[in-house]
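Hi,

Here is the structure I said I would pass on to you. Have a look at it first, and then read on for what turned up.

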Amino acid sequence: TKLILLDSLLQEIKMIIPKRTESATPDENDPKSQAKKINEQILAKLPTWTEPEPSKFNYEEDKPDERTIREQVKEFFDETSLHGLKYILEDSVTWHQRVLWLFLFCCGLVFLLYLFIPIITKYETTPTITTVGTNNYDISFIEFPGITVCSNIRISAKRFKNEMKKSPWKNYESQYVSQLVTNLVKFNSDPGLIYRMEESEKVMREQEKLIPALMYKIAPSCERMFLSCKWQGKKFNCSDIVESRKTDSGFCCSFNTVNLASRFAPQEGEEQEEPPEYDYGEDYGYDYGEEGSGSGSGDSDASGSGSGSESGSGSGSGDGVENGDGGDGSGEGSSSGSGDDGSGEDKFKYPGLLAGYENDPANKCSPESATGKVKLKSTVKKHKQVKPYEEILSTNMASQDLGFTFLLDSNIADEYANPWDEYTTNNFFQGFKLHVHSPYEFPDVSSRGLAIDIGTETFIGLSAEHTKSTDAVLAMKPSRRNCLDPSEPVVEEMGVKLKIFSEYDKDNCVLECRAAEMLKTCGCLIYYYPSFPTKFIEDMKAFYPNNTSPKNSSACSFDQLLCLANNRYKFSALVPEGGAEPEIGIVDGITCNCPDNCDSTVYIKEVTAAKLKDHNSASLRSALCESVFGDVDTKCNNTHNKYFKEEHDAFKQFHGDHECVSRTFQEKMNFTSLVHVYFKQMGITKFNKDQLFGWQDIVAQFGGTVGLCVGFSLLSGCELIYFLVFRRFFKKY
């Protein structure tokens, strides 16, 4: 159109311009005059400029927009950037086309919902995502695991007999106390051995507060069990780095762990401190004068006489252990005495420190070789524990010789059998159970431990998977991220409320939940559970069977032990909260609301073992602090096992320099277990738990989706607000 107008204008100009002729006057041929005349003629041909008509959108100052809704909607459809809307109300479009564009726009909205609803669902239900951060995360950034070892011998014969000479246990018949501890040890692993004895029930009721202390003092000694220890290639006194801890198998020996009582939350009106009966630095020394009593020196010769160990009497004076006080550890011992069954038949028995060696399968000496004397009482001074490290240990070494290496003595001769020849072992093999776990959790040795056979060298190579939550995850609400930080022991919105522990840990949460269920179901906690605060026990009282409870949670009667034994599978099984109907094979269990830890470390174990051969008596020399020449090794630096050495010296004194002595202790090394726990590699796998969708991600996802489907953008939203508010109600200034 513009070209046509321009062409017409040019034609007019050509017609207006006069041709130069000979008859023209001088003024007419003047260029300025001609230009002026042409300009006037051109302006005359152009349309006259007039003021534009007022816009239909120009409102009166004192009146709002009075157009119809349809006119306003049509205006919005004409001006908006949303795809397809302008064709719906356009005047030149047929109704078929309008329906088509309305249908297409609705399809775009449906497709928008189809794409965006899964994004919102993921935002609500899966707010975090765990990805592999690195496969070479340095092991020095995580903690070395806790190592807990339990001997299958749950009661030491020597320590049990020694305790029976002390108050208050010496006031009871030994067989009644024997049945009590047999019930406490075997109720879980072999319920058929537990037996109701009224006298034993009386002991339990009268001494209920001392039951845990008794079980601790008759358990195998950690100082005697660990013959040598090395950490990162350096020898340590095992007593400095190995401590007695409660486990689900009873009292066991742990390395690199914390005392759970130190993590209890303060209780109002109750002081939290370790009860005096749990003196973990208590002297492990033996006092076994019961094999012979009377007057005389502290040594015994092979020809002395004394009482039998169980019942009946020998040729000397003094009562047996079962019938009263076993003596004060002085006087002459005996190499013979009455038979165990009271028949009076002579049977060779070692006295004093060597009590039980007649049952040691490694003993190569015969009674005929006994020529010397033997101590009746240990002279090893009480060891004052000196921890070389106050914190939980880490390592930056990956080698079988640079982790935690230790030598264990099974001490089979010290296995206790009650008067009915029933042994108190936990499992049906000789050796140990070992559990690798977090330093901060209660050791579930019985349920998750590894079997360590005697006479083997075991290599436990470790790897780990460490999960670390980002700050964005920790900044989220606990109910949204569905995991808890140690600083969140109480989260009302998730129904988590720890009553015992001051810091949250999933394993400790389950432990507390299981303890509460035991109290509700059976009315007591077994002795090896942590000494929970009194308030926690009292809070559970309303749920006790028949609304009765013992004064002390660790004292379980026969009926309560039977209840624990019958429900042991229930206490071990966990049922998800609000779960569906159980599948086939899923047993009834307890429901514990214990979310995952936001940060966690899972230790992965690879175990190999081979038959142990003590070449050149290296392990024996290390345990005895001897050099290759048989003299004292000055390099052992007081790290050897003094109790084992004392037994060796007593055995050597008793049999003189007979060659059977060296053969006996070399053979004893075949009944030990050498264990190496170490990291296999310097790097482990680290997982990062990060936020899957933040509000920025949701805005970006929404913008991209609606832009694809209907062409909506942030400015489109501004347009909508502008037409609905500003154009409708605001005046024009």
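Let's start with a small one: is Cys 592 buried or exposed? Cys 592 is buried, because its relative accessibility is 16% and the cut-off for buried is under 20%. Before I go on, please keep in mind that this is a predicted model, so treat everything below as computed from it.

**Disulfides**

Cys 592 is a handy way in, since it has a partner: a disulfide joins it to Cys 513, with the sulfurs 2.0 Å from each other. The torsion about that S-S bond is -85 degrees, and the link is left-handed. In sequence the two cysteines sit 79 residues apart, Cys 513 in helix α14 and Cys 592 in the loop between α17 (568–572) and β18.

Searching the whole structure gives nine disulfides. I'll take you through two others.

Cys 150 pairs with Cys 252, and their sulfur atoms are 1.8 Å apart. This one links distant parts of the chain, 102 residues apart: Cys 150 belongs to strand β2 (residues 146–151) and Cys 252 to strand β6 (residues 250–255). Its handedness is right-handed, with 110 degrees about the S-S bond. As for accessibility, Cys 150 counts as buried at 3%, and Cys 252 counts as buried at 1%.

Then there is Cys 522 with Cys 563, again a disulfide, S to S 2.0 Å. Here the torsion about the S-S bond is about -75 degrees, so the disulfide is left-handed. Cys 522 lies in helix α14 and Cys 563 in helix α16 (residues 558–566), so this pair ties together parts 41 residues apart in sequence. Both Cys 522 and Cys 563 are buried.

What about a cysteine without a partner? Cys 107 is in no disulfide, and the nearest cysteine sulfur, which belongs to Cys 106, is 7.1 Å away. Cys 107 counts as partly exposed, at 34% relative accessibility. While you are looking at cysteines, Cys 718 is partly exposed as well, with a relative accessible area of 43%.

**Salt bridges**

A bit of background here: side chains of opposite charge can pair when their charged atoms come close. How many salt bridges does a search of the whole structure find? The search finds 17, and three of them are worth opening up in the viewer.

One is between Glu 647 and Arg 224, where the closest N and O atoms are 3.0 Å apart. Glu 647 is in helix α19 (residues 642–655) and Arg 224 is in helix α9 (residues 222–225), so the bridge ties together parts of the chain that are 423 residues apart in sequence. Both of these residues, Glu 647 and Arg 224, are buried.

Another joins Lys 506 to Asp 596, with the closest N and O atoms 2.8 Å apart. Lys 506 lies in helix α14 (residues 506–522) and Asp 596 in strand β18 (residues 596–597), so the two tie together parts that are 90 residues apart in sequence. Lys 506 is partly exposed, with a relative accessible area of 30%, and Asp 596 is partly exposed with 41%.

Coming back to Glu 647 and Arg 224, they belong to something wider: salt bridges with shared partners join Lys 158, Arg 224, Asp 409 and Glu 647 into one network.

The third bridge is between the side chains of Lys 166 and Glu 163, at 3.4 Å from N to O. Its two ends have different labels: Lys 166 counts as partly exposed at 35% relative accessibility, whereas Glu 163 is buried with a relative accessible area of 6%.

**A pair of helices**

Last, take a look at helix α6 (residues 174–186) and helix α8 (residues 211–218), whose axes come within 12 Å and cross at roughly 85 degrees. That angle makes α6 roughly perpendicular to α8. Which residues make the contact? From α6 they are Val 177, Leu 180, Val 181, Leu 184 and Val 185, and from α8 they are Ile 211, Leu 214, Met 215 and Ile 218. Sorted by class, the contact of α6 with α8 has nine nonpolar residues, no polar ones and no charged ones.

Happy browsing, and do write back with questions.

Cheers

Terms used: Residues numbered from 1 in each chain as written. Predicted model: local features only at pLDDT ≥ 70, side-chain atom pairs only at ≥ 80, totals over all residues. Heavy atoms only, no water. Salt bridge = Lys/Arg side-chain N within 4 Å of Asp/Glu carboxyl O. Buried < 20%, exposed > 50% of the residue type's maximum accessible area, 1.4 Å probe, protein only. Helix = DSSP H or I, 4+ residues; strand = E, 2+ residues; numbered from the N terminus. Disulfide = S-S within 2.5 Å. Axes fitted to C-alpha atoms, helices over the stretch in contact; angles between N-to-C directions. Parallel < 35°, antiparallel > 145°, perpendicular 65-115°, else oblique. Contact = heavy atoms within 4.5 Å. Nonpolar A, V, L, I, M, F, W, Y, C, P; charged D, E, K, R; others polar.
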